[in-house]
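This report looks at unusual backbone geometry, first in the peptide bonds and then in the phi angles.

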Amino acid sequence: MIEHKDGGRQRVFVAGLCHETSAFSPIPTTRNSFERFDYHRPRNGQPDRHSRALNGYGAFVRSAAKAGYEVYASTYTFAQPSARTSRAGYESLRDEILGDLELAGDVCMVLYFLHGAQMAEGLDDCEGDLLSRTRQIVGDDCFIGALLDLHANVSAEMVEQASALVACRNYPHTDFDDRAEHLFEVGRMVVENKAAPESHLLRVPMFGMFYTTEPLMTAANQAAAELQDQAGVLSVSLIHGFTWANTPDTGAGVIAITDGDRDIQEDLLALGQSFFRARQETLGMRRSIGQILDEIEAAPESDRPFVIADCCDNPGGGAGGDSTFILEAILDRGLSGFALGLLWDPLAVEFASDAGVGSRLELRIGGKTGPAAGLPLDVTAEVVAIHDDLSQVGIGYRAPMGRCAVLDISGNSVILNTVRGQVFSTSCFTDCGVDLNGQRALVVKSTQHFFDQFGPIARKVYYCETPGPLSLTPDARVLNRIRRPAWPLDEVDFPGTPG
Ligand SMILES: [Zn+2]
């Protein structure tokens, strides 16, 4: 048991407020968006079974309790990525957490699970705002640690106000629990006077997507892990950034937490160079739907399905999840044997449900959230199945899918649903009665999280570039607030990086 200096156990405060904000998302965000999607508030700060099971946050609670600390468990909430949160919505969640922090009294450690790229109306840096208000409450001597999504856009204020920022390493994000446990251990060393944390941020002048399933990013992650293991280094994180926030803090970087004033500049630069070397890797994997369908049409038959990622219409990056570009191309070519999910279209789901299983109807699907979703498709569909209240489990989360309508459209299975969300679990198909191996190709609305479960079953994975809101095709007129110079908008000479 960890004794407080005045007797009693030392107290750790835990909360979570996660939202990835896209400046280009057509989907509004309010407090209700959080409460509807994933919101948990333990009673009187007492951790319960559900709070212990939460991704990241739960690992804080379990680690602190196991080490003998008392835990005050405040709100955990997560909204599907979308536009800026209403100012009132953000402030009510923030003030709920800060109110709990006041109630919790004397705490030695604050552990937050944040995203790192949350914006509200009139506020580009919600995390900087929350961390600085937290610092005002707990004072300079308290350890404040924040676990971030690697798609964070890290501000100077975040670095200054937190004692330690730690991001997940993997994309797909399969390691939040590991990184939460790591952050707790860093905090524990500080609280027990075994380390004095100093934060360092090196900005890497690039933005984009960087898949850690690929060789150059695997090497960069390995270099980050090796640096973290060196003497005098407490933690190292690669920050990938979230391009579509489109703020001056948007972009990549490296964060290191050292013990005291160990000189780390050279090591940081070498790691930044390793990261910068991987910049082209993901961009080079993108193909047009025409190129992908040509290859699939030419391929011999197989038991295993191809997987096509609809990268640019990923609800997990703020997109509508209802774009029609890929489905339209499949239907235009007269192809069959494809299965596509999840197309967000509550109205079409209602029509299909009302018509009933077995009915054939003329249906207008998709293309409703804005110009980036393409045009709606007018199709003749057979209603194969309706499933209520499905959810999917993967990468540490359980995510609601709502009501799902399985349609047969010209020999293709198309799953429409009522709760916007990206596909990261194969159960999105199997729970809807769609056999994975019976398909020529599975089309998933996801940028990379699908890879954890779909990669192992795929004959080959294709990453498709469409005109959607998460397009990697750089456009300086659209990305007009990003700090320049930055690759790929500019040719950048990041010191000493070959290639
Ligand atoms: Zn992310």
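## Location of a strand residue and basis of the model

Leu342 lies in strand S12, which covers residues 338-344; strands here are DSSP runs of E with at least two residues, helices are DSSP runs of H or I with at least four residues, and both are numbered from the N terminus.

The model is predicted, and local features need pLDDT of at least 70, side-chain atom pairs count only at pLDDT 80 or more, while totals for chains, interfaces and linings use all residues. Residues are numbered from 1 along each chain as its sequence is written.

## Cis peptide bonds

Most residues other than glycine have a negative phi, and most peptide bonds are trans. Against that background, the peptide bond from Gly341 to Leu342 is cis, with omega near -15°.

A cis peptide bond also runs from Trp487 to Pro488, where omega is near 5°, and Pro488 is placed in the segment after strand S18 (461-464).

## Positive phi angles

Asp389 is not a glycine, yet its phi is positive, at about 50°, and this residue sits in strand S14 (residues 377-394). Asp389 is exposed, with 11 other C-beta atoms within 10 Å; a residue is called exposed if 12 or fewer other C-beta atoms lie within 10 Å of its own, buried if there are 20 or more, and partly exposed in between, with C-beta atoms placed from the backbone.

Ser410, likewise a residue other than glycine, has a positive phi near 50°, and it is found in the loop between strand S15 (397-409) and strand S16 (412-417). Ser410 counts as partly exposed, because it has 15 C-beta neighbours inside 10 Å.
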